[in-house]
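User: Hello! I am new to protein structures and would like to learn how to read one. Could you guide me through this one?

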Amino acid sequence: MLILGIETSCDETAAAVVRSGREILSDVVASQIAVHSPYGGVVPELASRKHVEAILPVIREALDRAGCCAGDLDAVAVTQGPGLVGALLVGLSAAKGLAYALDKPLLAVNHLEGHMEAAFLDKERPEEPFICLVVSGGHTSLYLVTPDGSSRCVGSTRDDAAGEAYDKVAKLLGLGYPGGVIIDRLARRGNPAAFDFPRSRLEKGSLDFSFSGIKTAVAYFVKRYGPPVPEGKGETPYRLEDLAASFQEAVVDVLVEKTLEAAERYRVRHVATAGGVAANSRLRERLEEECAYRRLQLHVPSIRHCTDNAVMIAAAAYRLWLREGFTPDPLDLDAVSRML
Ligand code: ATP
Ligand code: MG
Ligand code: FE
């Protein structure tokens with residue numbers, strides 16, 4: 001079954017053709033980083049406009065690279081939400097138009113279920129139940145995926161998402177956008193024990209997260225010791241690499257601890273992680289170590305498929321299609337900015 005996936009929930013215009021949820025025939029992502037970078041974050045109105053410009057060329061490129069034409073497709077899958085509503089509408093309208101014109105089923109996908117699917121793209125999906133840490137720019141949640149294939153949120157952030165904390169701290173330090181990958185790179189040359197940033201664990205037994213405190217702690221740090229000075233342009237009383245590594249260690253500590261706690265509480269043997277922050281080298285390293293020690297099997301997406309892409313949308317749609325008895329979604333479907 002050949003599915004075209006379309007993803008426009010935030011600042012990536014993406015389209016992909018995937019056969020039977022596994023075989024990736026094409027994977028096109030047009031990033032808007034350059035557009036939003038001067039603002040240090042995504043500007044929703046600009047994102048919608050850029051999606052409008054990019055959507056048709058991106059879909060065409062996905063079909064071309066897959067070596068197929070629109071008529072070969074069996075279904076059109078699209079992100080319905082969560083995300084920026086104006087951005088979602090662009091992908092959704094394109095998908096509806098295509099599905100209608102081709103008289104093929106429209107399949108709506110939850111962006112977060114798409115992220116989760118990325119952990120199993122190139123390997124067998126484990127037997128449920130398993131725990132999945134979805135950690136991205138807008139979400140930080142733990143899901144218990146049960147044998148009926150549904151997922152239940154067992155913990156989530158009460159304020160900022162982990163990716164948001166990375167992006168805000170990077171902005172504060174004048175490092176650019178998106179901040180996660182920049183901090184990750186700097187942190188590799190830093191000492192994670194240089195500064196002791198707070199680990200917010202909340203009440204005992206809680207699987208929720210909170211990342212606004214650490215962002216404030218970094219802001220106070222900079223207020224006290226001064227902003228980082230570019231290399232060769234003077235001295236600061238600290239190394240930027242140490243600050244990045246110490247911030248990252250505090251975030252990763254909590255993410256890993258709560259994921260392991262959830263695995264233990266729900267007695268699962270498999271743990272997965274997904275979303276943009278799952279690309280983080282330290283998070284991957286720590287999860288690998290801790291899961292190996294506890295004999296838990298860990299599933300992580302390839303780095304490319306951690307951040308937004310359309311392969312994960314096509315793959316999630318295929319599984320949904322099998323699970324829900326081959327029912328297409330109606331063409332009057334609306335975009336939904338918030339969904340669990
Ligand atoms: P959501 O999926 O919650 O709707 P989103 O789609 O904007 O949000 P993603 O594309 O999944 O989020 O992820 C982007 C986030 O991942 C950004 O916050 C970015 O800083 C972060 N990120 C990307 N790479 C890394 C990395 N190597 N280390 C840490 N964070 C990273
Ligand atoms: Mg993005
Ligand atoms: Fe995302």
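Analyst: Gladly! Let us begin with the word "domain": here, domain bounds come from an automatic or database domain assignment. Please keep in mind that this is a predicted model. In this chain, the assignment gives domain 1 (2–116 + 307–324) and domain 2 (125–299).

User: Where does ligand 1 lie with respect to domain 1 and domain 2?

Analyst: To place a ligand, look at which parts of the chain give residues to its shell. Domain 1 and domain 2 both contribute residues to the shell around ligand 1, so the ligand lies between them.

User: How many residues surround ligand 1, and which are the closest?

Analyst: The shell has 25 residues, and the closest are G137, G138, G163, G180 and G276. The elements giving two or more residues to this shell are α4 (111–117), α5 (162–172) and α6 (179–187). Helix α6 provides the largest share, with 4 residues.

User: How many residues of each class are in the shell around ligand 1?

Analyst: Sorted by class, there are 7 nonpolar, 15 polar and 3 charged residues around ligand 1. When you read those counts, remember that Gly is placed among the polar residues.

User: How far apart are the C-alpha centres of domain 1 and domain 2, and how many residues are in contact?

Analyst: For two domains, you can look at both their centres and their contacts. The C-alpha centres of domain 1 and domain 2 are 27 Å apart. Across the boundary, 12 residues of domain 1 are in contact with 17 residues of domain 2. On the domain 1 side, α1 (33–36) and α4 are the elements that give two or more residues. Of these, α4 gives the most, with 3 residues. By class, that side of domain 1 divides into 5 nonpolar, 6 polar and 1 charged.

User: Now the sheets, please. What is the order of the strands in the open sheet that contains β1?

Analyst: To read a sheet, walk across it from one strand to its neighbour. Here the 5 strands come in the order β3-β2-β1-β4-β5, with mixed pairing. Strands β3 and β5 (106–110) stand at the edges with a single partner strand each, so one side of each has no neighbour in the sheet. On average, neighbouring strands of this sheet are turned by 20° against each other, direction ignored.

User: Which way do the paired strands run, parallel or antiparallel?

Analyst: You can find both kinds here. Strands β2 (residues 12–19) and β3 (residues 23–31) run antiparallel and are joined by 8 bridges. In that pair, R19 stands opposite E23. They form a hairpin with 3 residues between them, and S20 in the turn has a positive phi of about 50°. By contrast, β1 (residues 2–7) and β4 (residues 75–81) run parallel, joined by 4 bridges. There, G5 stands opposite A77.

User: Which helices lie across strands of this sheet?

Analyst: One of them is α2 (residues 44–66), which lies across β1, β2 and β3 and runs at about 25° to β2. Another is α10 (residues 311–323), lying across β1, β2, β3, β4 and β5 at about 125° to β1.

User: What is the strand order in the open sheet with β8?

Analyst: That sheet of 5 strands has the order β8-β7-β6-β9-β10, again with mixed pairing. Its edge strands are β8 (151–156) and β10 (297–299), each pairing on one side only. From one strand to the next, the twist averages 25°. As an example of pairing, β7 (residues 140–145) is joined to β8 by 5 bridges, and the two run antiparallel. In this pair, L144 stands opposite R152.

Methods
Residues numbered from 1 in each chain as written. Chains lettered and ligands numbered in written order. Predicted model: local features only at pLDDT ≥ 70, side-chain atom pairs only at ≥ 80, totals over all residues. Pairing = 2+ DSSP bridges. Axes fitted to C-alpha atoms, helices over the stretch in contact; angles between N-to-C directions. Contact = placed C-beta atoms within 7 Å. Near = placed C-beta within 6 Å.
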